[in-house]
Amino acid sequence: VVLIHGYKIPSIVFKDVQDRLIAAGFLVLTYDIYGRGYSQAPQDTTLPVYITQLALLMQHIGWDKARIVGLSLGGAIAAGFATEFPNLVDSDVALLASVGNFTDAHPFDASYAVLTHPFFLWIYLLLAKKPTLPPPPKDPLEAIGQLHTLQMIALPHYIHLLALTVRHGPLRGMGPIFANLGKMPIRTLLVHGADDDFVEYRRYFEPALTKYFPKAKVVVLEHGRHELAATHPDEVANALVEFFNSA
């Protein structure tokens, strides 16, 4: 099983989920996508770069096929990977709180369209104070915020890569790829939080489900927000194990 993390937080976000998958008998690969965690930071954050990274990584470790799981941005990468390299997918794809169905009306687009412009980004990097090391986190959500801060401290290209991902990454425009995935002989699991305040359930998830994934297995986590792997690891892992074992 390959676990692909999301926009800001590297692969450690899957720590509890991966432990539960390993305990259930699965061999698990987690890795940091470009520009996050321990991976390099190329100046290209388009979908082909992300899916090629995974294809080359699987080749490097000698995996011919795997079940592919993606969280948030990782969901869009997983969908793109499955449609581009279906021979590397072992029958199953799972999209957790996946992005890709945003429209230009999404507030994320409205604010970041200006803030991620190279000129404003240069001003920010010039004037912004370097964050200080935070105290130990008290809960999973606080830990996520602190991982974001730690990467700002340790990774010189982190903020720049986030901005490039907003402008050029697969946060939107994934409709044709989702449609292709929905037609392929690949089983699809969709896991989403009912209280997701980023990929809103009724505004972005339900339309995508109806339009692109009529045959998918769907699990909606009550009170679940966008950070599902960190805040609901048991429910996410149980959904994955049940789905994989139902083949």
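Me: What is the relative accessibility of Arg 187?
Reply: Happy to start there: this is a predicted model, in which local features need pLDDT of at least 70, side-chain atom pairs count only at pLDDT 80 or more, and totals for chains, interfaces and linings use all residues. Residues are numbered from 1 along each chain as its sequence is written, and side-chain values use heavy atoms, with hydrogens and water left out. A residue is buried under 20% relative accessible area, exposed over 50% and partly exposed in between (1.4 Å probe, protein chains only). Arg 187 counts as partly exposed because its relative accessibility is 28%.

Me: Which residue meets Arg 187 in a salt bridge of 2.8 Å?
Reply: A salt bridge here is a side-chain nitrogen of Lys or Arg within 4 Å of a carboxyl oxygen of Asp or Glu. At 2.8 Å from N to O, the side chain of Arg 187 meets that of Asp 92. The pair links distant parts of the chain, 95 residues apart, with Arg 187 in strand 5 and its partner in strand 4 being Asp 92.

Me: Which residues are linked with Asp 92 in a network of salt bridges?
Reply: Asp 92 itself is buried, with a relative accessible area of 0%. Its side chain also makes a polar contact of 2.8 Å with that of Arg 67; such a contact is a pair of N or O atoms within 3.5 Å, where within protein one must be able to donate a hydrogen and the other to accept it, and residues adjacent in sequence count only if both atoms are side-chain atoms. The residues that the network links with Asp 92 are Arg 67 and Arg 187.

Me: How far apart are the C-alpha atoms of Leu 189 and Val 93?
Reply: Leu 189 sits in strand 5 and is buried, at 0% relative accessible area. Beyond four places in sequence, its contacts (heavy atoms within 4.5 Å) include Val 93, Ala 94, Leu 95 and Phe 243. Although Leu 189 and Val 93 are 96 residues apart along the chain, their C-alpha atoms are separated by 6.3 Å.

Me: Where do the buried residues of helix 8 fall, seen down its axis?
Reply: Helices (H or I, at least four residues) and strands (E, at least two) are DSSP runs, numbered from the N terminus. In helix 8 (residues 175-183), the buried residues are Gly 175, Phe 178 and Leu 181. They line one face of the helix, because they fall within an arc of 125°; that arc is taken from the directions from the helix axis to the C-beta atoms. On the other side, the exposed residues are Pro 176 and Lys 183, while the buried ones lie within that arc of 125°.

Me: How many of the 11 residues of helix 7 are buried?
Reply: Helix 7 covers residues 158-168. Among its buried residues are Tyr 158, Ile 159, Leu 161 and Val 166. The helix is largely enclosed by the rest of the structure, because its buried residues number eight.

Me: What distance does helix 6 reach from its first C-alpha to its last?
Reply: Helix 6 has 15 residues, 140-154, and the expected span of a helix is 1.5 Å times one less than its number of residues. At its start, a side-chain oxygen of Asp 139 reaches to within 3.1 Å of the backbone nitrogen of Leu 141. Close to the 21 Å expected, helix 6 reaches 21 Å.

Me: Which residue forms a salt bridge with Asp 19?
Reply: Asp 19 is partly exposed, at 36% relative accessibility. Its partner is four residues away in helix 1 (residues 15-23), so the two are separated by about one helical turn. With the closest N and O atoms 3.6 Å apart, the partner of Asp 19 is Lys 15.

Me: What is the phi of Ser 72, which is not a glycine?
Reply: Most residues other than glycine have a negative phi. Ser 72 is found in the loop between strand 3 (66-71) and helix 3 (73-84), and it counts as buried at 7% relative accessibility. Its phi is positive, at about 60°.

Me: What percentage of the residues in the protein chain is buried?
Reply: The protein chain has 11 helices and six strands. There are 247 residues in the chain, and the buried share is 49%.
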